[in-house]
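The following note sets out points for a colleague's consideration. Each point is confined to one part of the fold.

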Amino acid sequence: MGVGLLDAPVSGGVKRAVDGTLAIMAGGDPALLQRARPVLGAMGTRIFETGPSGSGHAVKALNNYVSAAGLAAACEAALVAEKFGVDPEVLVDVLNVSTGRNNSTELKMKPFILSGSFDSGFSLALMAKDLSTAADLARMLGLNAEGTAGAARLWSDASARLGKSADHTEIFKYLASVSGAHEE
């Protein structure tokens, strides 16, 4: 029928979707990507040619694995800090000027987690799905990627416990519950 397909998932959250500055990971025929650039450019400022068809989806899942691992680590660190008597906000301030800094410490911990709003606009169930995809990809490639597999289990368990409507920042609530740091 003469129709070409690209897989072109995005990253950047609600804010970057609204302002048209998403990162776009495009997999497929480079000629098709060139034709699609004007349309994709209306949604994002960074368009990455990731390789063959399916590679955009793979890169998106792997990106979300790294993001989810950083968020879970920051949440656990905040729980331990608080239990030790350190204000979690102080911990986040230290992380943000130190080697522990990441997207989650900079953009999620204070506004969505420590504030208690848990309303970043991305669901925990979708994050769990992406982590499952990343773990499946590693297994399919014959890799023993224990970090990816562990993260997929953690987020799947959290999604099952908290439900489909939970925001991904609610991973903090799940970690607090299973660690014994807070009541659910």
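**Notes on the predicted model**

1. The buried residues of helix α9 are covered by elements that include α3, α6 (109-114), α7 (124-140) and α8 (146-162). The model is a predicted one, and the points below should be read accordingly. Helix α9 itself spans residues 171-179, and its buried residues are Ile-171, Phe-172, Tyr-174, Leu-175 and Ala-176. Just after α9, Gly-180 adopts a positive phi of about 85 degrees.

2. The loop between α8 and α9 contains Thr-169. Thr-169 has a relative accessible area of 0% and is therefore buried. Once its neighbours within four places in sequence are left aside, Thr-169 is in contact with Leu-71, Phe-112, Ile-113, Phe-118, Asp-119 and Ser-120. Of these contacts, Phe-118 deserves separate comment.

3. Phe-118 is placed in the loop between α6 and α7. Its phi is near 45 degrees, a positive value in a residue other than glycine. Is Phe-118 buried or exposed? With a relative accessibility of 13%, Phe-118 counts as buried, because the limit for that class is under 20%. Phe-118 is also one of the residues in contact with Thr-169.

4. The sheet is open and has 3 strands in the order β1-β2-β3, with mixed pairing. Its edge strands are β1 (10-11) and β3 (44-51), each of which pairs on one side only. Strand β2 (residues 22-27) runs parallel to β3, and 6 bridges join the two. Within this pairing, Met-25 has Phe-48 in β3 as its bridge partner.

5. Two helices should be described together with the sheet. Helix α3 (residues 55-84) packs on the sheet and touches β1, β2 and β3; the direction of α3 makes about 135 degrees with that of β2. Helix α2 (residues 30-41) lies across β2 and β3, and runs at about 165 degrees to β3. Helix α3 is also among the elements that cover the buried residues of α9.

6. How many salt bridges does the structure hold? The number is 8. One of them links Arg-153 and Glu-146, whose side chains meet at 2.8 Å, N to O. Arg-153, at 45% relative accessibility, counts as partly exposed, and Glu-146 is likewise partly exposed, with a relative accessible area of 46%.

7. A further salt bridge joins the side chains of Arg-101 and Glu-106, at 3.5 Å from N to O. Arg-101 has a relative accessible area of 45% and is partly exposed. Glu-106 is partly exposed as well, with a relative accessible area of 43%.

8. Asp-19 and Lys-15 form a salt bridge in which the closest N and O atoms are 3.9 Å apart. This pair merits a remark on the criterion: the bridge is counted because the cut-off is within 4 Å. Asp-19 is partly exposed, with a relative accessible area of 40%, whereas Lys-15 is exposed, with a relative accessible area of 65%.

9. Finally, a network of salt bridges links Glu-89, Asp-93 and Lys-110. A description of the charged side chains should mention this network alongside the pair formed by Arg-153 and Glu-146.

How values were computed. Residues numbered from 1 in each chain as written. Predicted model: local features only at pLDDT ≥ 70, side-chain atom pairs only at ≥ 80, totals over all residues. Heavy atoms only, no water. Pairing = 2+ DSSP bridges. Helix = DSSP H or I, 4+ residues; strand = E, 2+ residues; numbered from the N terminus. Contact = heavy atoms within 4.5 Å. Axes fitted to C-alpha atoms, helices over the stretch in contact; angles between N-to-C directions. Buried < 20%, exposed > 50% of the residue type's maximum accessible area, 1.4 Å probe, protein only.
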